[in-house]
Amino acid sequence: RATIRLRKLVLASVRHHEAQHGHEQDKQPRYPEELARFVGPLRDGHGRPNAMAIRARNELSAYTSQIASDMWLPQAALWNLARHAFQTNRRGTPESYAAVLVLEGLARQLEGTGGQMILPRDAKSALADGKLDRDRLAELIAPLASKTTIELRSAAARLWGELFDEPLVRLVDDVFGE
């Protein structure tokens, strides 16, 4: 029974992510400046779409929403996203850029909570000039891992609102039908 319940929780978390993609299919969320610094503008000089920028924006929205909406496993969703930044074969993917922004954004949102200094306001990104400072990014992981579910979900909702300049609509899933 425990395996079945865990499978349901993981599937619900993935549904949050995919539902966010579906929710945004007919609308164009704001394009965060922080993301543009990593992957460029949404359109090139000739007006053609930048597929990497569009996918990175969509993944950034979906992962941040997933962490904010997941009542049971937001830490698992965060760690699943973080692996995209740390795995060498995932570098340069839309998910890897989303991972850096989410990890740094959550650290900023949670700075000072619980007496911990996670990411000073004037800190530079772990990703600069196309190179990832894995050690710098790793410094954020332990403090984020120590946060409660409510702290992490709340910080993710605030981060989503900051990135997309509107309040997050949390997605709800009745995992067990209870």
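The questions and answers below go through a predicted model, from the chain as a whole to single residue pairs.

In this predicted model, local features need pLDDT of at least 70 and side-chain atom pairs count only at pLDDT 80 or more, whereas totals for chains, interfaces and linings use all residues. Residues are numbered from 1 along each chain as its sequence is written, and side-chain values use heavy atoms, with hydrogens and water left out.

Q: In what order do the elements of the chain run from the N terminus on?
A: Helices (H or I, at least four residues) and strands (E, at least two) are DSSP runs, numbered from the N terminus. The chain has seven helices and two strands. From the N terminus on, the order is α-α-α-α-α-β-β-α-α.

Q: What is the radius of gyration of the chain?
A: The radius is taken over C-alpha atoms, and the globule rule is 2.2 Å times the number of residues to the power 0.38. For 178 residues that rule gives 16 Å, and the chain is close to it, so it is as compact as a globular protein of that length. The radius of gyration of the chain is 16 Å.

Q: What percentage of the residues of the chain count as buried?
A: Buried means under 20% relative accessible area, exposed over 50%, and partly exposed in between (1.4 Å probe, protein chains only). Of the 178 residues, the buried share is 46%.

Q: How far does helix 1 reach from its first C-alpha to its last?
A: Helix 1 spans residues 2-23, which makes 22 residues. The expected span is 1.5 Å times one less than the number of residues, and for helix 1 this comes to 32 Å. The model is close to that value, at 31 Å.

Q: Which residues of helix 1 are buried?
A: Thr3 and Arg7 are exposed, on the other side of helix 1 from the buried set. What covers the buried residues includes helix 3 (51-69), helix 4 (74-86) and helix 7 (149-164). The buried residues are Leu9, Ala12, Ser13, His16, His17 and Gln20.

Q: Why are the buried residues on the same side of helix 1?
A: The arc is that of the directions from the helix axis to the C-beta atoms. The buried residues are on the same side because they cover an arc of only 135 degrees around the axis.

Q: Which residue meets Glu166 in a salt bridge?
A: A salt bridge is a side-chain nitrogen of Lys or Arg within 4 Å of a carboxyl oxygen of Asp or Glu. In this pair the N to O distance is 3.4 Å. The pair links distant parts of the chain, 139 residues apart: Glu166 is in the segment after helix 7, and its partner is in the loop between helix 1 and helix 2 (33-39). The partner is Lys27.

Q: How many residues apart are Glu162 and Arg108?
A: Glu162 forms a salt bridge with Arg108, with the closest N and O atoms 3.4 Å apart. Glu162 is in helix 7 and Arg108 in helix 5 (residues 94-110). Their separation is 54 residues.

Q: Is Arg136 buried or exposed?
A: The side chains of Arg136 and Glu139 meet in a salt bridge at 2.7 Å, N to O. These residues are three apart in helix 6 (residues 134-145), so about one helical turn separates them. With a relative accessibility of 18%, Arg136 counts as buried.

Q: How far apart in space are Trp72 and Leu6, C-alpha to C-alpha?
A: Trp72 is in the loop between helix 3 and helix 4 and is exposed, at 51% relative accessible area. Trp72 and Leu6 are 66 residues apart in sequence. In space, their C-alpha distance is 9.8 Å.

Conventions. Contact = heavy atoms within 4.5 Å.
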